[in-house]
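Here is a short report on a ligand site and a helix pair. The structure comes first.

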Amino acid sequence: MNSPAHRIRHPLPPAHWPTREAAARARWFSPIRIGRQLTAAERTWVPAMVPWRATDDGFVTPEVLEWYARFAEGQPGVLVVEATGIRDVASGPLLRIGDDRFIPGLQALVETVRERSRGRTRLFIQILDFVTVRRRPEPERFFGRYLEITDSLRAQLALWLDDRHWRERSESDVREFLLGADRVTIETVLTDRELDALDYGYRERVWDVHLPHIRDLPWVLPRLFAEAARRAREAGFDGVELHYAHAYTMASFLSRLNARTDGYGGSREHRVRLPLEVLAAVRARVGDDYVVGTRYLGDEVIEGGSDLDDAIWFGVRFAAAGVDYLSVSKGGRFEDAKQPKIGEAVYPYTGTSGYECMPTVLSDARGPFGRNVPLAAAIRRAIRSAGLQTPLVTSGGITTFDQAEGILERGEADCVAAARQTLADPDWFRKIRLGYGDLVRRCEFTNYCEGLDQRHKQVTCKLWDRKFEPGDPAVRLASDGRRRLGAPSWSPPGEAGVDAPAG
Ligand SMILES: Cc1cc2nc3c(=O)[nH]c(=O)nc-3n(C[C@H](O)[C@H](O)[C@H](O)COP(=O)(O)O)c2cc1C
Ligand code: SF4
């Protein structure tokens, strides 16, 4: 993980936990209306986290159910299921919702969360589209197979080597020469995109309109998102979250880097066009009474990318178009990601923008805690000034009750989300609400979990790992046999049924 230049190790913010009575009066534990009909019992929120537990065909597994059941036991107001693919194409162990055959598994997930949260938690599912990203190739494969030997490449070679015969040499001669060529030659004769494919792996951009399937995205995606949302509703989810954040298709349409000239790139009006069309198609498919939220970036944090001004402008458009909530994230782009090893794919959380998405305790002077709150606050102010009441969700380095309560008190957001802190201790919301805050297992913000995500390994927290006896039949282990797959269980000391189901 790349951290900003000034590396300061920040201590965790001190925590002053409220009594049960104080928690009962707290804003964080007060209800909120989301959309026309839904009320969440609390403003506590677990944002999407991919745990890499689905089958290779994208189906829900017992491990997926257990993962969400464990979060449900902590009874957050809202739990968002991981980024789930809307297409019916192989995507590794990522959940999918691109066909009706996925509905029964998702239905089981919904029932599990209802039961384990005792009806207290509202369940949304994040739905996502992404374009092709390939692993960084061996140079032999790249020059031997992937690289297209074009006339313009031959011309570059002839020019650089001052030998016009390269214009006519056989394709295999060109490939063989390039494989053995020095770096200066390679950098001179390849285009930027070819060089990028060699160094980082082939990756499509939404502005590659010479590729028919990319050109057609604006015609294909509204229906794909709408059908995925219809399946989410059929499976029983309380709402869908359109994934317009991080490195994926919809965030890339919103990006200032989107240079499409077909009315879907360039100006802000054109960049927001497809995201609004998708929202409209989803709304038409699921109806006005169903929650449709959006997660998007308050700042891309990349050179030439969209910034907070764009995000404010987009946020007001989304709110005016009737989105039911906006969850504001930051960064997580491919453009500044570190070079992957040969055979691995580029991971969008390794550069500065990735750092901003999941900041660690090794930080600059501002530190990682609540670092992204000003983005949500600025967007919220603009939306309220426009006379709209859309709830805003903030996340990023939230780890204490005081932080969350302060954010709500100052009107910086309407719901406060915590991903890694909830991974470290899925019971933490409930512990605080019941007056057991001093039992919260505090996330250390050093991103062991994110390292597992990068390798597409089953995500776990390092703080769970040592707390079981080897061979304990009650503990399910990860496929490497060395880590527990779920957080140790917890129930309030000597108290059963202390929290009655919310209506
Ligand atoms: C293991 C892991 C998986 C994640 N997967 C997703 C995802 O599927 N969709 C998403 O929008 N964000 C994802 N995130 C980002 C989190 O939702 C959150 O924005 C980020 O971790 C910052 O919040 P935190 O400081 O509370 O962890 C993931 C984070 C982690 C640690
Ligand atoms: S591994 Fe656990 S302690 Fe470390 S950052 Fe992730 S959730 Fe926090």
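The text below covers the ligand shell, then one helix packing.

This is a predicted model: local features need pLDDT of at least 70, side-chain atom pairs count only at pLDDT 80 or more, and totals for chains, interfaces and linings use all residues. Residues are numbered from 1 along each chain as its sequence is written, chains are lettered from A and ligands numbered from 1 in the order written, and side-chain values use heavy atoms, without hydrogens and water.

**Ligand 1**

The shell around ligand 1 has 20 residues (a heavy atom within 4 Å). Gln126, Arg295, Gly397, Ala419 and Arg420 come nearest. By class, the shell holds 11 nonpolar, 6 polar and 3 charged residues (nonpolar: Ala, Val, Leu, Ile, Met, Phe, Trp, Tyr, Cys and Pro; charged: Asp, Glu, Lys and Arg; polar: the others, Gly among them). Polar contacts are N or O pairs within 3.5 Å. Three involve oxygen atoms of ligand 1:

| Residue | N or O atom in | Distance to ligand 1 oxygen |
|---|---|---|
| Ala48 | backbone | 2.8 Å |
| Ala83 | backbone | 3.3 Å |
| Arg295 | side chain | 2.8 Å |

Taken alone, ligand 1 exposes 610 Å², and the protein buries 98% of that (Shrake-Rupley, 1.4 Å probe).

**H10 and H13**

Helices are DSSP runs (H or I) of at least four residues, numbered from the N terminus. The axes of H10 (residues 217–235) and H13 (residues 273–286) come within 8 Å and cross at roughly 35° (lines fitted to C-alpha atoms over the stretch in contact; angles run from 0 to 180 degrees between N-to-C directions). The contact of H10 with H13 has 12 nonpolar, no polar and 5 charged residues.

Definitions and conventions. Polar contact = N/O pair within 3.5 Å; in protein donor to acceptor, adjacent residues only side chain to side chain. Helix = DSSP H or I, 4+ residues; strand = E, 2+ residues; numbered from the N terminus.
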